[in-house]
Amino acid sequence: MAGKPGFDRRALIKGGLAATAVGAVATWQAAPAAATARKVAEPVIYGTDIWGARPPSSPIEVLDRKPTYIVVHHTVEPGNTEDYSRERAFQISRDIQTFHMDTRGWADSGQQFTNSRGGHITEGRHRSLEVLRGGVQHVLGANVGNHNSEVIGIENEGLYTEVDVPQALWDSLVRLVAYMADQYGISTEFIKGHRDFNSTQCPGDVLYARLPELREAVAAELGVQARQPVEWPLLSQGDTGERVREAQRLLRARGENVAVDGVFGPATREAVRSFAAANGVPAATCYASAHADERGLLGADIWPLLAEGTNRQALKSRLAHIG
């Protein structure tokens, strides 16, 4: 996928330009002496040939390195259907590909894999399954703005801003992420949500809040100790408190006209949009716009810019603790 958001992806997939920088893949943290890392079996994954994918419009790019991160998304559209059939999963895969190719102008589906509400896993972008099985290369997709060369993405069918995922989807997500982590040697701290890279709701507040649980479940599958990262918070209109005050103080220090009152209202949202535009941050990286305008969210791609010249890690840690 070329380089823009998606179904917008979420619409069925957000896109993004392929990034040039790549982080080193972390090794597993030593587990207790009684635990021994074990091989994870490949879950059932339906390839592009099985669900009826169109051929890509141009050759798929395969990078000669492993991805650094496993990234969890939600599709937003078409919503939370009660049709858990395999046929439904195949139709979702075709709809995503059609949107990305015909509307976004991308070569193929943006995400490497799709997980349905019924727990059916499909290959998204062509060659993703073949390359994952090899465990040493990475199919370049388009699902995380400015980080696509670093990430392998999973689209989870549905909208998870207020409701939880079905058990079948959760179970298949654990199996798929554990298999990916095993194949590539990716530490659990590098299992991320889309919002850990871009200012977006994705994968929804509810599913995002379960990522620590996902890391624990994956670690159990692997027989290793889970590692939990500290992430930048996502702020949006309606939020209040010390995190908002800190953001407002930083915005004022960067020349934005905003009061430091701890209330993320329209003025703060406009200040965030102004700052993001002035610093080249994409106006929208995930189109959950069918449900809410995401422009003006303050997330992982804006905090580091606001904190330039300060101890960013210390700020991130403090923000995490002031909740």
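## Exercises on a predicted model

Six of the six residues of β7 are buried, so this strand is largely enclosed by the rest of the structure. The exercises below concern a predicted model, and they begin with that strand.

**Exercise 1.** Determine which strands pair with β7, and where β7 stands in the sheet.

*Solution.* Begin with the sheet as a whole, which is open, has six strands with mixed pairing, and follows the order β1-β5-β4-β7-β3-β8. The edges are taken by β1 (45–46) and β8 (191–193), each of which has a single partner strand, so one side of each is left without a neighbour in the sheet. In the strand order, β7 stands between β4 and β3. Next, consider the two pairings in turn: β7 (residues 151–156) runs parallel to β4 and is joined to it by three bridges, while β3 (residues 69–74) pairs with β7 in the parallel sense over six bridges. Finally, place individual residues in register: Thr 114 has Glu 155 of β7 as its bridge partner, and Val 71 stands opposite Gly 153 in β7.

**Exercise 2.** Establish which residues of β7 cover each of its faces.

*Solution.* Recall that in a regular strand the side chains alternate between the two faces of the sheet. In β7, one side carries Val 151, Gly 153 and Glu 155, the other carries Ile 152, Ile 154 and Asn 156, and all of these are buried, so that both faces are covered.

**Exercise 3.** Examine the surroundings of Asp 108 and decide what its side chain contacts.

*Solution.* Asp 108 lies in the loop between α2 (86–103) and β4 (113–115). Although Asp 108 is buried, it has no salt bridge, and the nearest side chain of opposite charge, that of Arg 125, is 4.8 Å away, whereas a salt bridge requires the charged atoms to be within 4 Å. A polar contact of 2.9 Å does, however, join the side chains of Asp 108 and Gln 97.

**Exercise 4.** Describe the setting of Ala 219 in sequence and in space.

*Solution.* Ala 219 belongs to helix α6 (residues 211–222) and is buried, with a relative accessible area of 2%. Leaving aside residues up to four places away in sequence, Ala 219 touches Thr 188, Val 224, Gln 225 and Ala 226. Ser 187, 32 residues from Ala 219 in sequence, is 8.7 Å away from it, C-alpha to C-alpha.

**Exercise 5.** Identify regions that call for caution on account of their pLDDT.

*Solution.* The chain has a mean pLDDT of 88, and 85% of its residues reach 70 or more. Nevertheless, pLDDT stays under 50 over residues 1–35 and over residues 287–291. Where pLDDT is low, the predicted coordinates should not be read in detail.

Technical notes: Residues numbered from 1 in each chain as written. Predicted model: local features only at pLDDT ≥ 70, side-chain atom pairs only at ≥ 80, totals over all residues. Heavy atoms only, no water. Helix = DSSP H or I, 4+ residues; strand = E, 2+ residues; numbered from the N terminus. Buried < 20%, exposed > 50% of the residue type's maximum accessible area, 1.4 Å probe, protein only. Contact = heavy atoms within 4.5 Å. Lys, Arg positive; Asp, Glu negative; His and termini not counted. Polar contact = N/O pair within 3.5 Å; in protein donor to acceptor, adjacent residues only side chain to side chain. pLDDT = per-residue confidence, 0-100. Pairing = 2+ DSSP bridges.
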